[in-house]
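This briefing introduces one structure to a reader who has not met it before. It covers strand pairing first and charged side-chain pairs second.

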Amino acid sequence: MPQNLVPVTDIASRGYAHPEVLVSTQWVADHLDDPAVRIVESDEDVLLYETGHIPGAVKLDWIADLNDPLIRDYIDRARFERLLSAKRINPDTTIVFYGDQDNWWATYALWVFRLFGVERLRVMDGGRQRWVEEGRPLETAAVMEGGRLRWSQERRLRSEGTLTVQDRDDTLIRAGRDQVLQHSQAGRPLVDVRSPEEFSGVRLHMRQYPNEGALRGGHVPGARNIPWERAIDPDIHTFRSAEELRAIYEAEHGLRRDADTVVYCRIGERSSHTWFALTYLLGFTKVRNYDGSWSEWGNQVGAPVEKP
């Protein structure tokens, strides 16, 4: 490991409500050959996996694998079970997600898996960037078999996965536009995790992206702006301690662990990161992710919009 790399504190010492949901890069390195562990890479850049990934990891394409190809929604139970089968996921499999962008899409994938009731889910703290910065190995070579490229995990695990799931439950951790409108009108906690420029309506997307995606800028009335990245230590790409997170979400913004809280961003990926931090790291009991987010709200005829 590079000598000038800032060290990471032990996960168990950070005071999280559910520390078991996070695993370190070292834990992953120690379980690369564990048949009961499936490492899953989920990136914003859907081509990044092919340039190199944690040895044995399988790819989860957030567009092609999780989203319905016709309507704007997630796949149904039957297609989700086929996905689990293809990824060789069994009832006793521990699934470890990681990815780029400090784990945006890793937490998004975990959130979608929870919609189907999947258990034994983990996130690799620090994501892909921490793994790379620590100088850990990446698998870059596939083998041509049966007319297609196969990575080591596919060659090693020939049998399909056997995990079955419940029908997707959209009631507990997912919010729709009508529910968000009622939530806003009732004055309940609503968190916009986008950048301050997006929240204020100056931009429709993050600074480094095309300024598009909605016809109107601003935020849902009553929302407070807590950018998602405040939960991450930028020097080491891992989650901040529970004490630091409480200072942000509870002391600074007045959120309560027992309050019905809705989080949103532009398409639901950044807000899934905040949903994860509030739910698993701080122990909030009722947080829902509005995955329609601003790309739905900002294009909706008649939807109320607020600007500072």
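Which residue in β10 does aspartate 192 stand opposite? Aspartate 192 faces tyrosine 264 there. The model is a predicted one. The points below describe an open sheet of four strands, a helix lying across two of its strands, and several of the salt bridges, of which a search of the whole structure finds 26.

**The sheet**

- The four strands of the open sheet follow the order β9-β8-β10-β11, with parallel pairing.
- β9 (224–225) and β11 (287–290) are the edge strands, and each of them pairs on one side only.
- Strand β8, residues 190–192, runs parallel to strand β10, residues 261–264, and three bridges join the two.

**The helix across the sheet**

- Helix α10 covers residues 269–281 and lies across β10 and β11.
- Relative to β11, helix α10 runs at about 175°.

**Arginine 14 and aspartate 125**

- A salt bridge connects arginine 14 with aspartate 125, and their closest N and O atoms are 2.7 Å apart.
- Arginine 14 belongs to the segment before β1 (22–23) and aspartate 125 to the loop between β5 (121–124) and α5 (127–133), so the pair ties together parts 111 residues apart in sequence.
- Arginine 14 counts as buried because its relative accessibility is 6%, where buried means under 20%.
- Aspartate 125, at 3% relative accessibility, also counts as buried.

**Aspartate 167 and arginine 77**

- Aspartate 167 and arginine 77 form a salt bridge in which the closest N and O atoms are 3.5 Å apart.
- This pair links distant parts of the chain, 90 residues apart: aspartate 167 is in the loop between α6 (152–156) and α7 (177–185), and arginine 77 is in helix α3 (residues 77–86).
- Aspartate 167 is exposed, with a relative accessible area of 52%, while arginine 77 is partly exposed at 36%.

**Arginine 288, aspartate 260 and a network**

- Arginine 288 forms a salt bridge with aspartate 260, with 3.2 Å between the closest N and O atoms.
- Arginine 288 sits in strand β11 and aspartate 260 in the loop between α9 (242–252) and β10, so this pair links distant parts of the chain that are 28 residues apart.
- Arginine 288 and aspartate 260 are both buried.
- Asp73, Arg168, Asp170, Arg174 and Asp291 are joined into one network by salt bridges that share partners.

Conventions
Residues are numbered from 1 along each chain as its sequence is written. This is a predicted model: local features need pLDDT of at least 70, side-chain atom pairs count only at pLDDT 80 or more; totals for chains, interfaces and linings use all residues. Side-chain values use heavy atoms; hydrogens and water are left out. Two strands pair if DSSP finds at least two bridges between them. Contact means heavy atoms within 4.5 Å. Axes are lines fitted to C-alpha atoms, for helices over the stretch in contact, and angles run from 0 to 180 degrees between N-to-C directions. A salt bridge is a side-chain nitrogen of Lys or Arg within 4 Å of a carboxyl oxygen of Asp or Glu. Buried means under 20% relative accessible area, exposed over 50%, partly exposed in between (1.4 Å probe, protein chains only).
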